[in-house]
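User: I have a model open and would like the reasoning behind its description. Please set each value against its cut-off.

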Amino acid sequence: MNKPDKAFHMIKYIEDQLLAGAYATGQRIPSLRTLMRKFGISYGTARRGMEYLYNKYPNISKEKGRGTYYQVDKNSNIYYRENIYNRW
């Protein structure tokens, strides 16, 4: 799936937040309406951007009527950063 052009800034923002560790496991990601207001995009564009993220990051899950959540997968290097100093 290609990255939607109009949702580029929204997608980049959420990806940067994910990779920076801004979302804890089980934490809710901002709603589509919040994202559309923040980035000045339509609801449909925000939805297509989130669909892109659902496909790219399997750790982002949507729950009908509740929202979108981030779940940490400890077996994936993208989502889990182990502190190597804790091993010693």
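User: What makes strand 1 and strand 3 a pair, and in which sense do they run?

Analyst: This is a predicted model. Two strands pair if there are at least two bridges between them. Strand 1 and strand 3 have two bridges, and the sense is antiparallel, so they count as a pair. One of the bridges puts I29 opposite T68 of strand 3.

User: What joins strand 2 to strand 3?

Analyst: Four bridges link strand 2 with strand 3 (residues 67-70), and the two run antiparallel. With at least two bridges required, they therefore pair. Among the partners, E63 is bridged to G67, K62 to T68, and S61 stands opposite Y69. The two strands form a hairpin with three residues between them, and G65 in the turn has a positive phi of about 80 degrees.

User: Why are strand 1 and strand 2 said to stand at the edges?

Analyst: The sheet is open, has three strands in the order 1-3-2, and its pairing is antiparallel. Strand 1 (28-29) and strand 2 each have a single partner strand, so each has one side without a neighbour in the sheet.

User: Which helix packs on the sheet, and which strands does this helix touch?

Analyst: Helix 3 packs there, touching strand 1, strand 2 and strand 3. The direction of helix 3 makes about 125 degrees with that of strand 2.

User: Why are helix 2 and helix 3 called roughly perpendicular?

Analyst: Helix 2 and helix 3 (residues 43-56) pack at an angle of about 110 degrees, their axes 9 Å apart. Angles of 65 to 115 degrees count as roughly perpendicular, so helix 2 and helix 3 fall in that class. Their crossing is right-handed.

User: Which residues make that contact of helix 2 with helix 3, and of what classes are they?

Analyst: Helix 2 contributes L32, R33, L35 and M36, and helix 3 contributes Y43, A46, R47 and M50. By class there are six nonpolar residues, two charged and no polar.

User: Why is helix 1 oblique to helix 3?

Analyst: Helix 1 (residues 8-20) and helix 3 pack at about 40 degrees, with axes 9 Å apart. Roughly parallel needs an angle under 35 degrees, and roughly perpendicular starts at 65. The angle fits neither class, which makes helix 1 oblique to helix 3. Helix 1 passes helix 3 in a right-handed crossing. M10, I11, I14 and E15 of helix 1 meet A46, G49, M50, Y52, L53 and K56 of helix 3. That contact has seven nonpolar, one polar and two charged residues.

User: How do helix 1 and helix 2 cross, and what lies in their contact?

Analyst: The axes of helix 1 and helix 2 come within 10 Å and cross at roughly 115 degrees. The crossing is right-handed. H9, M10, Y13 and I14 of helix 1 make the contact with L35, K38 and F39 of helix 2. The classes are five nonpolar, one polar and one charged.

User: How do you know which parts of the model deserve caution, and where is pLDDT under 50?

Analyst: The average pLDDT of the chain is 80, and 77% of the residues score at least 70. Among the elements, helix 2 (residues 32-39) has the highest mean, 93, and strand 2 (residues 60-63) the lowest, 86. Residues 77-88 stay under 50, and the model has 14 contacts for them beyond four places in sequence. Where pLDDT is low, the predicted coordinates should not be read in detail.

How values were computed. Residues are numbered from 1 along each chain as its sequence is written. This is a predicted model: local features need pLDDT of at least 70, side-chain atom pairs count only at pLDDT 80 or more; totals for chains, interfaces and linings use all residues. Side-chain values use heavy atoms; hydrogens and water are left out. pLDDT is the predictor's confidence in each residue, from 0 to 100. Contact means heavy atoms within 4.5 Å. Axes are lines fitted to C-alpha atoms, for helices over the stretch in contact, and angles run from 0 to 180 degrees between N-to-C directions. Angles under 35 degrees count as roughly parallel, over 145 as roughly antiparallel, 65 to 115 as roughly perpendicular and the rest as oblique. A crossing is left-handed if the near helix is turned anticlockwise from the far one by less than a right angle, and right-handed if clockwise. Ala, Val, Leu, Ile, Met, Phe, Trp, Tyr, Cys and Pro count as nonpolar, Asp, Glu, Lys and Arg as charged, and the others, Gly among them, as polar.
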